Structure formats: C-alpha cells, structure tokens
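Please look over the sequence and the model shown below before reading on. The report then goes through the structure one topic at a time.

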Amino acid sequence: MDETTSIKVRIKGMSCAACVGAAERALRSLKGVASVSINLATERAFIQYTPTMLDFEGIRTAITNCGYEAELIRERSDKLHDRERVERERDFKTLKTHFIASALLTIPIAAGSMLTLPVLSNRYVLFALASVVQFWLGRRFYGAAISALRHLSANMNTLIAVGTTSAYAYSCVATFAPDFFEAGGIAPHVYFDTSAVIITLILLGRMLELRAKGRTSEAIRRLIGMQAGSSCVIRNGVQANLPAEDIVVGDIVVVRAGERIVVDGLVVEGTSSVDESMLTGESLPVDKAVGDELLAGTLNGLGVLKMRASKVGEDSTIERIIRLIEQAQGSKAPIQRFADRVASVFVPVVISIAVLTFLLWYFLGPRPSFTMAMTNFIAVLIIACPCALGLATPTAIMVGSGRGAQQGILIRDAEALEKTCKVRTVVMDKTGTITVGRPRVTDVITNPSYEMDIQNDQNAPYSRWALRIAASIERDSEHPLGAAIVNLARDRGIDLLQTEDVLTLPGGGIRGRLRETAQEVLCRSRTLLVIIGNIQLMTREGIDCSALMPEIERLTQEAKTVVVMAVGGDAAALFAIADTIKETSAEAVKRLTEMGIEVVMLTGDNQKTAEAIARQVSITRVFAEVQPQDKLDVIRQLMYGNQVRPLVKPGAGSAADQTSRLVAMVGDGINDAPALAQADVGIAIGTGSDVAIESSDITLIKGDLLSVVDAIQLSHATMRVIKQNLFWAFFYNIIGIPVAAGALYLFGGPLLNPMLASLAMAFSSVSVVSNSLRLRRK
C-alpha cells in the first residue's frame, strides 16, 4: 500500500458551512485523497493524500474550481501567524471602511424612503445612492455568489445577492418603468432602503465576526509570541549571539537573567528559578539546577544558566504544542457531522422555500400580493444563516483547545475532546502516574541499642551520621535504591566521606570501608566495615537485626522497601525507600469519584504494594502484577465486559462505541503505549516517554493528575458550548425561516421586515462566536 502524506492548505473565500461542504466534496472526489478536514474559522484544510497518485497542483485545481483560492502552507508557525494577523487586520480595516461608507449612504436612503424630504425622497437620488451601496460596497457578495454559480454551487453569498438584488431590481423597475406595475393595478413602491440596510447590517456582522474569530486563536498566538528570536551560544569556547533556528543539538546556550529560553535542554551550570506558567499553567516559578530540564518558551528568573540543547526547532516542546493545537483546531468533532449534512443542502432548500413563499403569497395572499410576496421572498433569503452552522463547532474547538494548552493540557483532535466528556472509567498506571516514579527515602531509623562515638559534632543527630555513612558507600552505585540514599544526603547538604574496597554483593547489597581519615572523623573505637542491603543479605552475613524487626515489619506493611545498614558487624540503621505518591494524586481521585467516574489502578507491581498505594489515594479497584502485553486485555475488559473485544479501538459512532463503557487510560511509560492506544481516550503524562505521548489523545505537560480532572471538565464545558451553538444555529433557522415566510401573519401577527431579517442574520454568527469565547474564562 502506498504511503500517504499530510499537508496544510489555506483556503480563501469561504463564508459559510456550505462553502466548506463544497470544498470538502471536491477534494474527497480526487483519486488519492485519504481524508479531508476544513476549518471555516481558520480557513485551513488538513489533507492526507497519496503523493504517487496526486500532487498539490491537482488539489489547488479542485479548490479553484469551487471558486476559492488555495495556498500551500510551508512557513513556520510564527511567520505564518504573523502574516495571517497582518492580513486579518487589513481585511478588518477594509470591512470597517466599507461598513462606514455603506452606513453613511444608507442613512439618507432610509430617511428619504421613510420620510418626505426634499431631494432625498426623489427616486432617482435614492437609486443613485443605493446603486453605490449595491454594486460597490456589496460587490464582495456578488463576486462570491457568481463564483459559486459558475461552479454549480450556492452559499450564503448567493442568498444575500439574490435577496438584495430582488429588492433593488424591483425598485429600479418601479423607478424607471412605473407603468409596468400600474398596468397591473399595483402601486409602484421602491425598496432601495431595504437592499441598502441589508447590505450595511451584513457588513457590520461580518466585521464583528472577523474580530471575534481573530480572538478565538489568541492562545496559539501567545505561544508563538513566546518563541525567543536569539540567544547567546558557546561554540569552541567562543560566545556568539545566534538566531534560534541556527542552534543545534549539543550547543551550550547561555540563558541570562530575565531572558526567554529558546530551545529545550538540560542545565549544565548555574541555578535559577524559571517561570513555566505559559506552558503548564503553574503560577509559581520552578527551581532549576544542574541536570534539570529547561523548555523553550519559558522565562528565566534572576540566575544565569548554561544549558546543553537537546531539542531544537520543530522538535522543541513549544513547537510540538503549537502543532498539536493546530491539529486539534483543524479536526472535526463527530457531533459536527449532522451540521455538515444539513449545511450541504441548506442553501438549495432555502432558495426553494423562498420561491415557494413567493408563489403562495402571490397567488393566495391579500393585495398587494406582489409586494407582500416579494417582501417575504427577500426576508426568507436574508434571514437564513448557514454561517452560524459552520462556526458552531470549530470556534468552540479552537477556544477550548487553546484554553487547555494554556493550562498544560494538549488535545490531539476534536474527537478526543468529545469522547473525553463521556468517559466513565479512568485507568491509571501506578509508577510515574500516581506516584513520582523515582524511589525516595521516606524513613531513616537508627538502632537504639547501637552506640556510635561521634568525634566531631556531639549535637548532630545520629540519623544524619547514619545517612552520611550509607551515602558515602552508595555514592557510585547504579542501583536506584542506592541512588535514593545518595540523593537524600545531597538534598540535606551532607558532605560525603572517602571510601575504599566498595563491592556490589550478589542478592541485593553493597559493602565497603571508610578510609582511615574518615574513621578519625566518625569513630575512635570501631573498624568501619559497612554492609548495606536487604534483610536476607543481613541474615547471610550473620548480622543480628532483631532490634529493628518491629520497624522492618511495619514499613513492609506500608509497601516500602527496607534497606539495612550494618557498621562493624552490627545493625546500625535502616532506610525505608518507596516511590512516593504525588501530592495531588489523592485529591484527583477524590474529585473524579465525585464526578461519578470510576478510578482503577493498573500496575505491574506486586499485589501488596499496589493495594497499599491504592489505599492511600482511595482507589478501590486494582489490577496488579499485570505484564505490559496483558494491559491491553485489561483495558478491553473494562471497555467491553464479556463482549467480543476488538484489537483496535472503534471509531466514533460505531456499534461497539455505542455499547461500550468509555475508558480513559492515564500512563507515562513505553510499556503504557499499547494501552494508551487501545483505550477510548489515551492520556499521557508529559513528563513520560515520547512513545507514550505519541500514542495518546491528550498530553498533560505538568504530570499532575489534577490535570486529568481539568481535561475532563474542559471537555464537558467545550461540548456544552458546542451544543448551545448548534441549538442556537438550528433553532434560529427553524424559527426564523417560517417567521420570514409569513407564518405569524396567518395568526394575526405581523410580517417580518427584510431589514430586521438582515439584522438577525448578521448577529446570529456573531452570537455563536461570542458564546465560544466564554470558554476563555473557564
């Protein structure tokens, strides 16, 4: 099978959902196109196709044949968004100028039509003023409508052009050939004010809509603005200020106080605090020292740091975040499919209803039947708004995904966002997800019956000296438990002692001696042969640990690993080591449970350790001792129960999807990747492996389980706004079109003035976008 590739194409000239539908149908008809998704709000198409069967020129031709302009996006995100911002501002200024000019001309037209004024009420003067509005300020509607007609399609511009032209043409005949109407017994009224007011109000609506749409992409613009332009780089001992795109992996980058970090990397020198709020949403600065990771786009504090670049250019974290946001904003939620189906036939149906309305009023309506038929015909065409249908979902997705990114929640696509709000079970890996993922010393307990003669500092706690000895012996150990002891000593500022004859023992342990100078510091009477290991090693070495056994048993029950240290043949102290629980894990589980979501732990650890951790965070359902290859079976069991379980997760709307219990999997390791891919929603901890992140639907940059709660709540909020938007869009058209057709008149009510219809239409799409913008405050 031939490989496919993906491209992003900017499509100019689309105005409503019907435009999107026409362009998508044209692209899907091309041989070699695998998938197409067009976002009306961003005017971008995401196209996956087979290069051996199709090229961009073929894609461009298909889009051009629909009446739109196509441009392949090759630029970096920052340059592209800068250019789009400039173009948006230019379009806004043009629209504003056209609106002001149209309003200044429409005011005297309306005044002259409604009142008897010298000069202004003259039909020829009204004709001249209205012609300027119709064909100069309204030419954008004609251009788009004619282009659509040329390609045998129709859109919102078609409705506007036909509606305003009907009013304008009727008025022209009444002005220059009044006998035509008088011969039929019809008073020749003019409606130049109707066509002019309609165009003016629609221009106002387009202007407000463009400004509101620009605000929906505010989050991604902020991220792009965080990309620093240049930084100081040390190469071959020489410092030079280089642009970010010239920095390569391995370069030493100097980050001065207050500077923004340009690439991802590790600190090799210096200490400082870094503001990561723009990526993680965490307001407090994070302390950074040698070995800590720095992310592009974050802001250095008062210290000076030297870092070794590890990810540059498009591989940096901020670039990956921007790509994920763009991918999410370019995708379509399953809930949008119905709106797309309606939009595909919307304009032809509206035109048919308008024609039927005209015929019914003309042949069956009261006199003057032609005037009433024409008025209602225009009102139906003008009030219909496929634009609101096209903007209902993408604007909410744009704002929701952008708001998530500001809080460190990256959503891969709209389908994942929609599915997340339906999740009823959240499965969590233990190590690195519920827990920190690194062994830490939780207890240092000394043997009360063991006496050590401290030479230098009689006031130092014995546990401190015990830690000093153990860390000195374990200093060069590669075992994670030994590293945990060394890390604790360094965190407490303890200087390590010189050692010799250090040897790793089979069965889990280490032995060594302190050099004579170290013995002089610590002890006058004992030979400091030190053995560190588990209780089984101590037994083999003949070391009596009976005095420590109560503590060993208690700590073992708490699922902690116990390491005993013997000095000079006697059990001197023990160290309890555990993978500690993250501070927010218990709170996250509590909040998920309160939301009615079942939380399940899935781990390869032994049952006793898993249950001990589960108790501490109030998880009641545990799958322990599960091998990586078996995690898939557990996820499928939770999703489908005793049903036949497919090997891949179903697509949205499939039968299996409708009968299953939606399950989210939260993990961070390579061994979690298959389970993340299998689950309905895979949620990767951003501090985990790249494989896990690539397999997930949602990535949490902070590695904080409360972000899982936030992601689900964001999904609920976004879907609520989408449903509100779709309800308004459908309700508006379902109610508005019959009212415009004269339904109220049948029950003694008024007819809808076409000018009021244009006002309603102009603000319908603005209301949808404004409702989506509320998500920014969530």
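In what order do the seven strands of the open sheet stand, and is the pairing of that sheet mixed? The order is β14-β26-β25-β24-β15-β22-β23, and the pairing is mixed.

## Basis of the report

This is a predicted model, in which local features need pLDDT of at least 70 and side-chain atom pairs count only at pLDDT 80 or more, while totals for chains, interfaces and linings use all residues. Residues are numbered from 1 along each chain as its sequence is written, and side-chain values use heavy atoms, with hydrogens and water left out.

## Overall picture

The protein has 29 helices and 26 strands; these are DSSP runs numbered from the N terminus, with helices (H or I) of at least four residues and strands (E) of at least two. Of its 778 residues, 54% count as buried, where buried means under 20% relative accessible area, exposed means over 50%, and partly exposed lies in between, with a 1.4 Å probe and protein chains only.

Contacts (heavy atoms within 4.5 Å) also say something about the chain as a whole. Among contacts between residues at least 6 apart in sequence, 69% join residues at least 24 apart. One pair of residues that are separated in sequence is Glu-587 and Val-709, which are 122 residues apart along the chain and 9.8 Å apart in space, C-alpha to C-alpha. Glu-587 has its place in helix α22 (residues 585-594), and with a relative accessibility of 37% Glu-587 counts as partly exposed.

## The sheet of seven strands

Two strands pair if DSSP finds at least two bridges between them. Strands of a sheet pair through backbone hydrogen bonds, either parallel or antiparallel. In the open sheet of seven strands, with its mixed pairing, β14 (409-411) and β23 (621-623) stand at the edges, and each has a single partner strand, so one side of each is left without a neighbour in the sheet. From one strand to the next, the twist averages 20°.

At one of these edges, β14 pairs with strand β26 (residues 698-700) in the antiparallel sense over three bridges. Within this pairing, Ile-409 stands opposite Leu-700 in β26.

## Other strand pairings

An open sheet of three strands has the order β10-β9-β12, and its pairing is antiparallel. Its edge strands are β10 (286-288) and β12 (299-300), each of which pairs on one side only. Strand β9 (residues 272-275) is joined to β12 by two bridges in the antiparallel sense, and Asp-275 stands opposite Leu-299 in β12.

Elsewhere, strand β17 (residues 499-505) and strand β18 (residues 509-514) run antiparallel and are joined by five bridges, with Thr-504 opposite Ile-510 in β18. Strand β18 also pairs with strand β19 (residues 529-533), again in the antiparallel sense and over five bridges. The bridge partner of Ile-510 in β19 is Ile-532.

## Helices side by side

Which helix comes within 8 Å of helix α13 (residues 369-383), axis to axis? That helix is α29 (residues 754-773), and the two axes cross at roughly 5°, which makes α13 roughly parallel to α29. Axes are lines fitted to C-alpha atoms, for helices over the stretch in contact, and angles run from 0 to 180 degrees between N-to-C directions; angles under 35 degrees count as roughly parallel, over 145 as roughly antiparallel, 65 to 115 as roughly perpendicular and the rest as oblique. The contact is made by Thr-375, Ile-378, Ala-379, Ile-382 and Ile-383 of α13 together with Pro-754, Ala-757, Ser-758 and Met-761 of α29. By class, the contact has seven nonpolar, two polar and no charged residues, where Ala, Val, Leu, Ile, Met, Phe, Trp, Tyr, Cys and Pro count as nonpolar, Asp, Glu, Lys and Arg as charged, and the others, Gly among them, as polar.

The axes of helix α6 (residues 156-176) and helix α12 (residues 336-364) come within 9 Å and cross at roughly 20°, and α6 and α12 are therefore roughly parallel to each other. Met-156, Thr-158 and Leu-159 of α6 make the contact with Val-347, Val-350 and Ile-351 of α12. The residues of this contact divide into five nonpolar, one polar and no charged.

## Aromatic rings

The structure holds 17 aromatic pairs. Rings of Phe, Tyr and Trp (its six-membered ring) pair if their centres lie within 6.5 Å, and planes under 30 degrees apart count as stacked, over 60 as edge-to-face and the rest as tilted. Phe-135 and Tyr-142 form a stacked pair, 5.7 Å centre to centre and with 25° between the planes. Phe-135 is partly exposed, with a relative accessible area of 45%, whereas Tyr-142, at 18% relative accessibility, counts as buried. Both belong to one aromatic cluster formed by Tyr-124, Phe-127, Phe-135, Tyr-142, Tyr-168, Phe-176 and Phe-192.
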